[in-house]
Amino acid sequence: MTPETMIDHREKAYALLKADADKILQLIQVQMDNLTMPQCPLYEEVLDTQMFGLSREIDFAVRLNLIDEHVGKTLLDRLERELSALHEAFTKK
């Protein structure tokens, strides 16, 4: 594989992971805007499933050397901070 091809694959992998992370962030933002019950089993199940799926995608991309482990961790950390903010906002409500 040429260096140009590898860079292209890395960029595509990051773009796909970022898009998936942004979808999860959008779910969190909708909940923040409406401050709906975060303890709702369906809500928790959807977010847990989405977060788990993203973590597996990131792990796979790291194992293929398409993204750096730190980059993947940064994507997940951002979502976890937003999720914490949602729980905090709801408990203050």
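The chain has three helices and zero strands, in a model that is predicted. Let's work through it in a few exercises.

**Exercise 1. Find the overall shape of the chain.**

Start with the order of elements: read along the sequence, they follow the pattern α-α-α. Next, look at the extents. The C-alpha trace spans about 55 × 20 × 15 Å along its principal axes. Now check the radius of gyration: the chain has 15 Å, while a compact globule of 93 residues would come out near 12 Å. Finally, look at burial, where 24% of the 93 residues count as buried.

**Exercise 2. How far does helix α1 reach from its first C-alpha to its last, and which of its residues are buried?**

Helix α1 covers residues 3–34, which is 32 residues. At 1.5 Å a residue you'd expect 46 Å, and the helix reaches 46 Å. Its buried residues are Ala13, Leu17, Ala21, Ile24, Leu25, Ile28 and Gln31.

**Exercise 3. Do the same for α3, then work out how α1 and α3 are arranged.**

First the span: α3 has 24 residues and reaches 35 Å, close to the expected 34 Å. Its buried residues are Gly72, Leu75, Leu76, Leu79, Leu83 and Leu86.

Then the packing: the axes of α1 and α3 are 10 Å apart, at an angle of about 5 degrees. Angles under 35 degrees count as roughly parallel, so α1 and α3 are roughly parallel to each other.

Last, the residues that meet. On the α1 side they include Leu17, Ala21, Leu25 and Ile28, and on the α3 side they include Leu75, Leu79, Leu83 and Leu86. Sorted by type, the residues of this contact divide into 14 nonpolar, two polar and four charged.

**Exercise 4. Is Ile67 buried or exposed? Track down its neighbours too.**

Begin with the place: Ile67 lies in the loop between α2 and α3. Buried means under 20% relative accessible area, so Ile67, at 6%, counts as buried. Skipping residues up to four places away in sequence, Ile67 touches Ala13, Tyr14, Leu17, Ile58, Ala61, Val62 and Gly72. For a sense of distance, Ile67 and Lys12 are 55 residues apart along the chain, and their C-alpha atoms are separated by 9.9 Å.

**Exercise 5. What is special about the phi of Asn65?**

Locate Asn65 first: it sits in the loop between α2 (41–63) and α3 (69–92). Its phi is near 65 degrees, a positive value in a residue other than glycine. As for accessibility, Asn65 has 44%, so it counts as partly exposed.

Methods
Residues numbered from 1 in each chain as written. Predicted model: local features only at pLDDT ≥ 70, side-chain atom pairs only at ≥ 80, totals over all residues. Heavy atoms only, no water. Helix = DSSP H or I, 4+ residues; strand = E, 2+ residues; numbered from the N terminus. Expected span 1.5 Å × (residues − 1). Buried < 20%, exposed > 50% of the residue type's maximum accessible area, 1.4 Å probe, protein only. Contact = heavy atoms within 4.5 Å. Axes fitted to C-alpha atoms, helices over the stretch in contact; angles between N-to-C directions. Parallel < 35°, antiparallel > 145°, perpendicular 65-115°, else oblique. Nonpolar A, V, L, I, M, F, W, Y, C, P; charged D, E, K, R; others polar. Rg over C-alpha atoms; globule rule 2.2 N^0.38 Å.
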